[in-house]
Every structure is written in C-alpha cells, then in structure tokens.
There are 2 protein chains.
Amino acid sequence: MRTLEQQVQVLRAAGYRVTQSRVAVLTVLAETDGVLDAATICAAGRELHPKLGRVSVYRALELLAELGLARRVHGANGCRSYARANWQEGHYLVCQGCGQVQEFPCDGLDRLVEQLGREYRFAVRHHLLQLEGLCAGCLDADGGSAS
Amino acid sequence: MRTLEQQVQVLRAAGYRVTQSRVAVLTVLAETDGVLDAATICAAGRELHPKLGRVSVYRALELLAELGLARRVHGANGCRSYARANWQEGHYLVCQGCGQVQEFPCDGLDRLVEQLGREYRFAVRHHLLQLEGLCAGCLDADGGSAS
DNA sequence: GTTACAATTGAAACAAGTTATCAATAAGCA
DNA sequence: TGCTTATTGATAACTTGTTTCAATTGTAAC
C-alpha cells in the first residue's frame, strides 16, 4: 500500500493541486480497511480539515477514483460506498460480515476478458469485477457455517 | 430471451402479484436493448399505464432485480441505469458507443471466482462483472480505430 | 517573501434516488 | 361476487449527487 506521500505524489504528477480537502479525503480512506460512504468520509475528514465541504468530498472522490487512489464500491442496492485503491484496475473482495475490502489484481481476469471480447466481438475497454462474501475472519467466527 | 409471459410467470412463482405497474416496467425493459434510467422507464411506462408512480418504478426495479428479471448497470459515475436481465447472475457487456447491453453467462468466471476464493481465503457468495467497451457495430462504424 | 492567476473550495440551490406513510385500489383466491 | 391482503400512488422527508458562483487557496514566477 502506498504511503500518503506517495499518493500525494500521484496527484502532483497528474497536474492537480495538493489541497487540504484532498489530503483529508485521502487520509480518511487510508485509515480504514473497509468501505465508507461519502457522509462518513466528510465527517471524518472534517476532523482533519474543519471547513471540508460536502461537495468537495464528492469532487475529491471522483478525482481520486480517476487516478486510481480511491474507488467506488458497487452493490446490489447502489454504489454509495468508497474505498481506497492501490491500483486503477484493481478488483475487490468485499466482506459482507465485517465490511473489510480486499483488493486484488487479476491477471486471470485479463485473459478471460480477452476471451470474452473475442467471443462476443466486443472491444473491452474497461472491466469491473467485485466479489462479495465472507472473509477468513468472519468464516472462522461463523463456525464454518458458510458454504 | 424470455417472453413477457415467462417473466410474469417468474413473478407469480415467487409469490408476487402481477400488477399493471410491474408489467409496465417489465415491458419497457423488454423493449430496449440498452440501459435506461428510472425517469425514462417511468415516462415510457406511463404510456402503458398512465397512473404509474415514480416510487412504484423504483419498487418494481428492486423486486425485478432480486428475481433476475432486471438489473442495475454499474458505471464509474454511479449505477442509475437499469437493463433487462435474463439470468440472476448474468454479466454485462455495455457498449459505450450505442449503449447496447449484452448479457452473458460465464462459466469461466465461476472457475476464476473459485480460484480467487481459495487464494484469498474468501467465501464468495456473489459476484459482479461488467465490461465496458465497443460492440461490433460501433467498431465497424469507427473504422477499426479501436485498440 | 510577495504577487498573480487559475484551480479549487464551500455554501446554497437544485436534481435524482430512496424511504416512509397511508388511504385507496386492485390482484387473486375461495 | 366478496374478502383479504398485497400493492399502489401521492406526498413528504431524507439522502445522495450535481451545478453555480463568489471567495479562497495552492503554487509558480519573480
């Protein structure tokens, strides 16, 4: 996982200013293993930057997502959650027990995506994969009742 | 693709009433190849059922999604679009040119998901895969400029 | 260290999505 | 046909997301 300073460098290198709002959002995301909604990010961010505006949170999340530093987490009922990201094309394991998010690169997916593109005559430009289930910790806590 | 009558049967079999609102939403979805937002579904649905309420559209979409008859389509900026579904666990190719949506089952993904589960000690219960790109038609129209 | 400038902000307003309420309606069964 | 209960639709309220714009701020240049 990249340090905050490295993430800040990504911002600079991409030509964006390193503002207090953006650093606050980055920091809040860096400090959690799971998903956060925008309101939570905003509230936590205000502890670091009291004037942090709600709109700035949305703007920062959008920018950070574009840069591969944050990511929307999608679910059946919407996609109002965010998590930090380590790769722009990373994929997620989202634990339905504790909410923990585990990112993974997936070369296996790249091959599958290529194969699907050929099979359906579709030029894939972007792919999104998310897996939901239970992490090892929640499985152990469950007493192995999971499938 | 299932006929409207077959979809209606899915509703009945699941213990839900076959109401005019639900049939209107199903019909609107069945009549398009692409994604629709809720306002569009509502407007089109009112042509079939003039009293169709906005909230009933959201309710119907949620239920139909649970039953595998409709589906949220996720994107980088949110998931405010819907498409018809043929499978509950189907996956999508979403064309960024014409907006057409192509659903596909994916046994290859199931194997990959199993492998990922083992690798990360994660009991996968649900997975979401979406691919964005250009369909064959849009590729041809582009003059093969795609990657 | 100061200045200038453009990016960025934050508040307010607006739009879209979601939830809740509830009286009225309607689907479906007997 | 009547009854029961699921469902509706209107309304309101709330949450989430976007737009506008004057004010602020980050940073480069000097």
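How many of the 147 residues of chain A count as buried? The share is 46%, where buried means under 20% relative accessible area, exposed means over 50%, and partly exposed is in between (1.4 Å probe, protein chains only).

## Before we start

What you're looking at is a predicted model, where local features need pLDDT of at least 70, side-chain atom pairs count only at pLDDT 80 or more, and totals for chains, interfaces and linings use all residues. Residues are numbered from 1 along each chain as its sequence is written, chains are lettered from A and ligands numbered from 1 in the order in which they are written, and side-chain values use heavy atoms, leaving out hydrogens and water.

## Meet chain A

Chain A has six helices and six strands; these are DSSP runs numbered from the N terminus, with helices being H or I of at least four residues and strands being E of at least two. Follow the sequence along and you get α-α-β-α-α-β-β-β-β-α-β-α. Taken along the principal axes, the C-alpha atoms fill a box of roughly 50 × 45 × 30 Å.

On the outside, chain A exposes about 7600 Å², and carbon and sulfur atoms supply 47% of that (Shrake-Rupley method, 1.4 Å probe; for residues, only the protein chains shown count as cover). As for contacts (heavy atoms within 4.5 Å), take those in chain A with a separation of 6 or more: residues 24 or more positions apart account for 48% of them.

## Two copies, one axis

Now bring in chain B. A rotation of 180 degrees, with 0.1 Å of shift along its axis, superposes chain A on chain B with an RMSD of 0.1 Å. The two copies are thus related as by a two-fold rotation axis. In chain A, the C-alpha nearest that axis belongs to A:Leu129, 2.2 Å away from it. The superposition is by least squares on the C-alpha atoms of residues with pLDDT of at least 70 in both copies.

And where do the copies meet? They meet through the same surface, because 100% of the interface residues of chain A are also interface residues in chain B.

## Around DNA strand C

There are 25 residues around DNA strand C, and A:Arg22, A:Ser56, A:Arg59, B:Tyr58 and B:Arg72 come nearest. Being near a strand takes a heavy atom within 4 Å of it. Sugar and phosphate account for 65% of the atoms of strand C that come within 4 Å of the protein. The surface residues here split into seven nonpolar, seven polar and 11 charged.

Let's zoom in on some polar contacts (pairs of N or O atoms within 3.5 Å; within protein, one must be able to donate a hydrogen and the other to accept it, and residues adjacent in sequence count only if both atoms are side-chain atoms). Phosphate oxygens of strand C lie 2.7 Å from a polar side-chain atom of A:Ser56, 2.8 Å from one of B:Arg72 and 2.9 Å from a side-chain N or O atom of A:Thr19.

## Around DNA strand D

DNA strand D has 26 residues around it, with A:Tyr58, A:Arg59, B:His49, B:Ser56 and B:Arg80 coming nearest. Of its atoms within 4 Å of the protein, 62% belong to sugar or phosphate, and the rest to bases. Which element gives the most to the surface near strand D? That's α4(A), with four residues.

Some contacts here go to bases: a polar side-chain atom of A:Arg17 lies 2.9 Å from a base nitrogen of strand D, and a side-chain N or O atom of B:Arg59 is 3.0 Å from a base nitrogen. A:Tyr58 has a polar side-chain atom 3.1 Å from a phosphate oxygen of strand D.

How values were computed
Nonpolar A, V, L, I, M, F, W, Y, C, P; charged D, E, K, R; others polar.
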